Amino acid sequence: MQFWGYKRQEGRAGIRNHVLILPTCACGSESARIVASQVRGAVNIVFNTGCSDVAANTAMSQKVLTGFACNPNVFGVVIVGLGCETVGHAQLREKIRKMTGKPVASFGIQEEGGTLRTIEKAVRAARDMAAEAAMQHKELCDMSNLLLGIECGGSDATSGIASNPAVGELSDLLVDLGASTIMSESIEWIGAEHVVARRAATPELHNKIIEICRDYEEHLKAAGQDCRAGQPTPGNKAGGLSTLDEKSLGCIRKGGTRPIVEVLEQAERPTKHGAIVMDTAGYDISSVTSMVAGGCNAVIFTTGRGTPTGNAIVPVLKVTANARTYQMMDDNMDVDLSGIVKGTTTYRESGRELLAVIGDVCNGKMTKAEIYGFSDVAIDHVCRFV
């Protein structure tokens, strides 16, 4: 199985060919949005921080921003900064240039003399990149170039018994074809971490998975908090999930059964091929943000209650096994897996169906969130602003 993609100098391949308008801070986000709106083929992300942060928060933000720029779905990057943020546009530009051979330009609002002058220069730079990107031909790419992020959100009782097992089957099929998958949301392994750990390819990875869950709970306890206050969510409970353990046992099904070959920190780029897990928050938008920064070129998102979420850089494919949700939110849901619940199909058959759908998305078919231009980003932080 192969797909038509855009090969990058670094050896990876994208399934989209965006010009990314990247703000360095919240104060540059609105200007970045306007720039992207003026150039066909350009996308922007909204970044709500970049200033008044402790070092660990800044490091995480920079990891995500550089990860976005290096994502294989991005052709080139135009950075829009303010001028007094923690990491300025020129610093971010040089960081990205050291990591990738993509074209990168940057502008500062204070240096350029205001919003209008900055937007004019940034639009011109983005326009030139978009013209160059349009000249790049798609090439036939091996499935080893696909890194699929696996996410769930707005889960209900159908998630754990139907849509997540189907996506787990998809993950196994992709790994067998040479692709890689990432399952995240480590707080939603708690109560089932021993099951996830049993899939580890080595004892070291097994122990790391157990430690991640223990450390997550200890981190919250140190702040006088309990993860079970937010997990399961009110929507999860209304959908039939009563405890975090119950939610976790369904959540982990979407990762499949193949051996876990690598355990990543948030927004970290994989170094191996196969089934991978990433230590992220249970908040779905934050989790997707980290996986996209880690290099995922597509995301599949299971939901029971329904969600419109999307990401500007990668297509987010929404699947549900709740027939009512698919009917009520058909303008957001991409695939109906309710046949598993009804007994007209199996999760294995649905996994094979999803493989064909993912193939179409890799070859250019747009997801519904993509068509709407949705761009949800949330960067996890270790503590308060300062």
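This dialogue goes through a few features of a predicted model.

Trainee: Which residues does UniProt list for the D-galactarate/Altronate dehydratase C-terminal domain?

Mentor: The unreviewed UniProt entry gives residues 143-379 for that domain. Over residues 143-379 the chain is 42% helix and 13% strand. The C-alpha atoms at the two ends of that range are 29 Å apart.

Trainee: How do I read phi, and what is the usual sign?

Mentor: Most residues other than glycine have a negative phi. S52 has a positive phi of about 55°, although S52 is not a glycine. E185 is another non-glycine residue with a positive phi, near 60°.

Trainee: Where are S52 and E185 found?

Mentor: S52 lies in the loop between β4 (42-44) and α2 (55-70). E185 is in the loop between β9 (180-183) and α7 (193-197).

Trainee: Is E185 buried or exposed?

Mentor: Buried means under 20% relative accessible area. E185 has a relative accessible area of 0%, so E185 is buried. S52, at 37% relative accessibility, counts as partly exposed.

Trainee: What does T309 touch, leaving aside its neighbours within four places in sequence?

Mentor: Contact is judged by the distance between heavy atoms, here within 4.5 Å. T309 is in contact with I285, F301, V316, K318, A369 and D376. With D376 there is also a polar contact of 2.7 Å between the side chains. T309 sits in the loop between β12 (298-302) and β13 (316-320), and at 8% relative accessibility T309 counts as buried.

Trainee: How can I see that parts distant in sequence come together in space?

Mentor: Compare the separation along the chain with the separation of the C-alpha atoms. D172 and P259 are 87 residues apart along the chain, and their C-alpha atoms are separated by 9.6 Å. Not counting residues up to four places away in sequence, D172 touches G256, T257 and R258. D172 is in helix α6 (residues 157-176) and counts as buried, at 6% relative accessibility.

Trainee: Which residues make the nonpolar surface patch?

Mentor: A patch is built from residues with over 30% relative accessible area. Here M366, I371 and Y372 make a nonpolar surface patch of about 320 Å². One of these, I371, lies in helix α15 (residues 368-372).

Trainee: Why is I371 called exposed?

Mentor: The word exposed is used for over 50% relative accessible area. I371 has a relative accessible area of 54%, so I371 is exposed.

Technical notes: Residues numbered from 1 in each chain as written. Predicted model: local features only at pLDDT ≥ 70, side-chain atom pairs only at ≥ 80, totals over all residues. Heavy atoms only, no water. Patch = residues over 30% accessible without salt bridge, like charges linked within 9 Å, V, L, I, M, F, W, Y side chains within 5 Å. Areas by Shrake-Rupley, 256 points an atom, 1.4 Å probe, with all protein chains shown as cover. Salt bridge = Lys/Arg side-chain N within 4 Å of Asp/Glu carboxyl O. Helix = DSSP H or I, 4+ residues; strand = E, 2+ residues; numbered from the N terminus. Buried < 20%, exposed > 50% of the residue type's maximum accessible area, 1.4 Å probe, protein only. UniProt positions renumbered as here; feature names shortened; annotations may be inferred. Polar contact = N/O pair within 3.5 Å; in protein donor to acceptor, adjacent residues only side chain to side chain.
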